[in-house]
Amino acid sequence: MRLRIALLLGSLMVMPAAAGAPDPPEWTQPIAPFHLIGPIDYVGSKGIAAYLIHTSMGAILIDGTMEANADMVRRNIETMGVPIREVKWIVVTHAHFDHAGAVAALAKMSGAQVVAGAGDVEALERGGSPGEVLYTPTPYPPVHVDKPIHDHDWLVSGDRALVAHSTPGHTPGCTSWAMFVPYETRNVRVVFPCSVTVAGNRLVGNTTYPGIVADFRKSFDTLGALKADVVLPAHPEIADVIGRAQRGELIDPALLGQIVAQSRVDFEAELQRQSKAK
């Protein structure tokens, strides 16, 4: 598992646009939505996750995936028994086109309020990537953020509650979320970690985000200390979400720590590479 995590995280170190390559086809490849655990369903594409959380007062959608996937995500939500107008909140983990691209369309379809880390509000509302990067950023439809989020803020909808953990670096407002859900005879903690891959960020001489290195290191500490029984990242392959769900192996208390440890190693290697290239 550690080798698989290393390979998967390594593949996400630099965005495809950095080399002018097309986006991975899995990012827009439809798959049938499916139940994960407790009130949580998977409603994204094969390669980009969107998670639907059922509550007693409608539903919460975590991430929208790419702009081209908006109608697919809507169909997946409705396939799981939730009319699109019953989605009350859309949570954006971070302001990149592959996760926020469809949010404007989905917010318009549903009338949902949009939630995002305060540090990413400006980028989301202009439809671009925050900070300085080593690739050509892909724009996406701007979306108004109704509820800017800070560390340890809560999002409560009916009988479900999520707590925000600020984990900046990947973007200034990158936010991870945690909640408890019922599983068999107990409650388990589900964590939706924001990415901690470098993914083409400029780490050395980033004038628009001078604190990026310190933020990454603090976020490794935050996520490394966070206990998670189930890990549901925005790129599902990082935790093999689809395969684990099919095998009934979502519960893995060691997984988040393994992902963070490998991400920290990859980050320090990329920081050293950029420092030498400066």
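**Close-up 1. Asn 206 is a buried residue in this predicted model.** Its relative accessible area is 4%, under the 20% limit for a buried residue. Asn 206 is found in the loop between E11 and H6. Leaving aside residues up to four places away in sequence, Asn 206 touches Gly 131, Glu 132 and Ile 212. Two polar links involve the side chain of Asn 206. One is a polar contact of 3.2 Å with the side chain of Thr 208. In the other, a polar atom of the Asn 206 side chain lies 2.9 Å from the backbone nitrogen of Tyr 209. Glu 268 is 62 residues from Asn 206 in sequence, and their C-alpha atoms are 16 Å apart.

**Close-up 2. Cys 174 and Cys 194 form a disulfide.** The structure holds 1 disulfide. The sulfur atoms of Cys 174 and Cys 194 are 1.8 Å apart. The torsion about their S-S bond is about -85°, so the disulfide is left-handed. Cys 174 lies in the loop between strand E9 (160-166) and strand E10 (175-183). Cys 194 lies in the loop between strand E11 (186-192) and helix H6 (212-225). The pair therefore ties together parts that are 20 residues apart in sequence. Both Cys 174 and Cys 194 are buried.

**Close-up 3. Strand E11 pairs with E10 and is joined to E12.** E11 is mostly covered, with 5 of its 7 residues buried. E10 and E11 run antiparallel and pair over 7 bridges. Within this pairing, Pro 182 stands opposite Asn 187 in E11. The hairpin of E10 and E11 has 2 residues between the strands. Glu 184 in this hairpin takes a positive phi near 55°. Strand E12 (residues 230-231) runs parallel to E11, joined by 2 bridges. Val 231 in E12 is the bridge partner of Val 191.

**Close-up 4. An open sheet is formed by 7 strands.** The strand order is E1-E2-E3-E4-E5-E6-E7, and the pairing is mixed. Strand E1 (34-37) and strand E7 (147-149) stand at the edges. Each has a single partner strand, so one side of each is left without a neighbour in the sheet. On average, neighbouring strands of this sheet are turned by 25° against each other, direction ignored. Strand E3 (residues 51-55) pairs with E4 in the antiparallel sense, over 5 bridges. Here His 54 stands opposite Ala 59 in E4.

**Close-up 5. Helix H4 lies across E4, E5 and E6.** H4 runs at about 165° to E5. Val 103, Ala 104, Leu 106, Ala 107 and Ser 110 are buried in this helix, which spans residues 103-110. These buried residues cover an arc of only 165° around the axis, which puts them on the same side of H4. Their cover includes strand E4 (58-62), strand E5 (87-92) and strand E6 (113-117). Helix H2 (70-79) and helix H3 (97-100) are also among the elements covering them. Just after H4, Gly 111 takes a positive phi of about 75°.

Methods. Residues are numbered from 1 along each chain as its sequence is written. This is a predicted model: local features need pLDDT of at least 70, side-chain atom pairs count only at pLDDT 80 or more; totals for chains, interfaces and linings use all residues. Side-chain values use heavy atoms; hydrogens and water are left out. A disulfide is a pair of cysteine sulfur atoms within 2.5 Å. Helices (H or I, at least four residues) and strands (E, at least two) are DSSP runs, numbered from the N terminus. Buried means under 20% relative accessible area, exposed over 50%, partly exposed in between (1.4 Å probe, protein chains only). Contact means heavy atoms within 4.5 Å. A polar contact is a pair of N or O atoms within 3.5 Å; within protein, one must be able to donate a hydrogen and the other to accept it, and residues adjacent in sequence count only if both atoms are side-chain atoms. The arc is that of the directions from the helix axis to the C-beta atoms. Two strands pair if DSSP finds at least two bridges between them. Axes are lines fitted to C-alpha atoms, for helices over the stretch in contact, and angles run from 0 to 180 degrees between N-to-C directions.
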